[in-house]
Amino acid sequence: MFACLHAPDFLVQSVVRLDAALRQQPVAILEGSPPLQKVVALNHRAREQGMYLGMTKPQAEVFGAKLCQRNRTQEAAAAQALLDCALAFSPRVEGRSENNGRVILDIDGLERLHGDAESIGHALQQLGNTLGFELNV
């Protein structure tokens, strides 16, 4: 049996997981050099306001969302934290340092340590929340 950890809007989560105040705000991630910066990731609050991928920075500024420049170092740290979350439960994990917010782990035979699959799923989600992620398990 396998479990999958998925952090939707991973690029945004790599930023907001470190700043609790941003979790309740619309956030967009920009990439590129001025004046050619474009939105490459959004959270659901930004989408609800009408923002979309590919917007230019001036277009995005109109919406009043928090705009952050893409930070690959921060993304790599978040990917490693997600991988560590999975490794806390199983040594059999499939993921890379650039996992795009997804990690798969083999939970077969872990019942004695962590309980049934549902218990493992809840525990994974709790640990992910502790690390600042909103996970789908």
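The legends below describe close-up views of a predicted model.

**View 1. The open sheet of strands 1, 6 and 5.** Three strands make up this open sheet, in the order 1-6-5 and with antiparallel pairing. Its edges are formed by strand 1 (2-6) and strand 5 (93-94), each of which pairs on one side only. Strand 5 is joined to strand 6 (residues 102-106) by 2 bridges, and these two strands run antiparallel. Within this pairing, Val-93 has Leu-105 of strand 6 as its bridge partner.

**View 2. The hairpin of strands 2 and 3.** Strand 2 (residues 27-31) pairs with strand 3 (residues 38-42) in the antiparallel sense, over 4 bridges. The two strands form a hairpin with 6 residues between them, and in the turn Gly-32 has a positive phi of about 115°. Glu-31, in strand 2, stands opposite Lys-38 of strand 3.

**View 3. The salt-bridge network around Arg-70.** Glu-31 and Arg-70 form a salt bridge in which the closest N and O atoms are 3.3 Å apart. This pair links distant parts of the chain, since Glu-31 lies in strand 2 whereas Arg-70 lies in the loop between strand 4 (66-69) and helix 4 (72-87), 39 residues apart. Arg-70 also meets Glu-75 in a salt bridge, at 2.7 Å from N to O. Through salt bridges that share partners, Glu-31, Arg-70, Arg-72 and Glu-75 are joined into one network. The members of this network differ in their accessibility class: Glu-75 counts as buried because its relative accessible area of 10% is under the 20% cut-off, whereas Glu-31 is partly exposed at 28% and Arg-70 is partly exposed at 23%.

**View 4. The salt bridge between Asp-9 and Arg-47.** The structure holds 5 salt bridges, and one of them is formed by Asp-9 with Arg-47, whose closest N and O atoms are 2.6 Å apart. This pair, too, links distant parts of the chain, with Asp-9 in the loop between strand 1 and helix 1 (10-16) and Arg-47 in helix 2 (residues 44-48), 38 residues apart. Both partners are partly exposed, Asp-9 at 28% relative accessibility and Arg-47 with a relative accessible area of 41%.

**View 5. The negative surface patch.** Asp-108, Glu-111, Asp-116 and Glu-118 together form a negative patch on the surface. Glu-118, one of these residues, is found in helix 6 (residues 117-130). Glu-118 counts as exposed because its relative accessible area of 56% is over the 50% cut-off.

Conventions:
Residues are numbered from 1 along each chain as its sequence is written. This is a predicted model: local features need pLDDT of at least 70, side-chain atom pairs count only at pLDDT 80 or more; totals for chains, interfaces and linings use all residues. Side-chain values use heavy atoms; hydrogens and water are left out. Patches are made of residues with over 30% relative accessible area and no salt bridge: like charges are joined within 9 Å, nonpolar side chains (Val, Leu, Ile, Met, Phe, Trp, Tyr) within 5 Å. Accessible areas come from the Shrake-Rupley method with a 1.4 Å probe; for residues, only the protein chains shown count as cover. A salt bridge is a side-chain nitrogen of Lys or Arg within 4 Å of a carboxyl oxygen of Asp or Glu. Lys and Arg count as positive and Asp and Glu as negative; His and the chain ends are not counted. The place of a charge is taken as NZ of Lys, CZ of Arg, CG of Asp or CD of Glu. Buried means under 20% relative accessible area, exposed over 50%, partly exposed in between (1.4 Å probe, protein chains only). Two strands pair if DSSP finds at least two bridges between them.
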